[in-house]
Amino acid sequence: MTWSEDLKEEMCICNLWGVLRISHVDEWHELAAMPRGSPLPAPLAALNAGSDVSPADIALSANLCTWGLPLLSIRGCLSVDTPPPLVFELLKSPERRAAWDVLLKEGRLVRQIGPDNAIVHEVFEPLSGDLGRPHDYALISSWRCESDGSYVIASRSIVVEEVPPSPQYQRGEVLPSGWWIQPQTDGTGSELTYVIQMRAELLGVGTDIASARKVAFSLMPSLLGLVRLL
């Protein structure tokens, strides 16, 4: 999607709506469920600050060929003890992302678009060892607080002159992806839903269960890093 200054408000609203829309899809294939205190697979335990048990309730699932397109969508659901406003402040900050996301190589603010939107450029490690070059994204990021006390943080790929493709990276593409942060019913902690809708072929992966599992488990170290920081 090409960035348009004339349509920026509509594009940012659709970005946020897109995250809520995919979050509510019913057809998810469960990939893994790790209740708080349950054993972690050995490779993840090694990355979990020396602990071999899950620090939170974490569930991973996938939606294959999302919207009938060659899109692979991954969903991570987490329960944490931190209240939504504090989670929101951490997750919306590109400067603080490196503190928990081990896949992030580089992130920079390209241009602020009002108080609640920004164009950013992010570079990530390959999602698994056989995906070749690091992949980068030119993104419009938007964030809002909803009337029910929940928060939405959304990013989607755009074509913008300030972030041209570079031969050292594989340019990836995501549809609206990000976080939906909801207060727990007792008002103490947060229920987090992380969703990513990716153009699978651009990253050299398929839209089958095996590919989904590989991508989802590549994301797990970053999710564990976030829980530790919270």
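"So, by class, how many residues in the lining of the largest pocket are nonpolar, polar and charged? Keep that one in mind for a moment.

Hi everyone. Before anything else, what you see here is a predicted model. I'd like to walk you through its pockets.

Let's start with the largest pocket. There's about 610 Å³ of space in there. If you want to find its centre on your screen, look for Arg 97, Glu 122, Phe 124, Leu 139 and Ser 155, which lie nearest to it among the 33 lining residues. A good number of elements chip in with two or more residues: on the helix side, we have helix 4 (94–97) and helix 5 (209–229). The strands that do so are strand 4 (104–112), strand 5 (117–124), strand 6 (135–145), strand 7 (151–157), strand 9 (174–183) and strand 10 (190–199). Strand 6 gives the most, with five residues.

Okay, back to my opening question. The lining of the largest pocket has 20 nonpolar residues, plus eight polar and five charged ones.

Now on to the second largest pocket, where we're talking about 180 Å³ of space. This pocket has 13 lining residues, and Cys 14, Trp 17, Gly 18, Arg 156 and Pro 176 sit closest to its centre. Which elements supply at least two residues each here? That would be helix 1 (8–23) and strand 9. Helix 1 has the largest share, with seven residues. And the class split for this lining goes eight nonpolar, three polar and two charged.

One thing to take away: strand 9 turns up in the lists for the largest pocket and for the second largest pocket. That's it from me, thanks!"

Definitions and conventions. Residues are numbered from 1 along each chain as its sequence is written. This is a predicted model: local features need pLDDT of at least 70, side-chain atom pairs count only at pLDDT 80 or more; totals for chains, interfaces and linings use all residues. Side-chain values use heavy atoms; hydrogens and water are left out. On a 1 Å grid over the protein atoms alone, a cavity is a set of points where a 1.4 Å probe fits but cannot get out, and a pocket is an open set with protein on both sides within 12 Å along at least five of seven lines; lining residues have an atom within 4 Å of a point. Grid points are joined across faces, edges and corners, and a volume is the space filled by probe spheres set on the points. Helices (H or I, at least four residues) and strands (E, at least two) are DSSP runs, numbered from the N terminus. Ala, Val, Leu, Ile, Met, Phe, Trp, Tyr, Cys and Pro count as nonpolar, Asp, Glu, Lys and Arg as charged, and the others, Gly among them, as polar.
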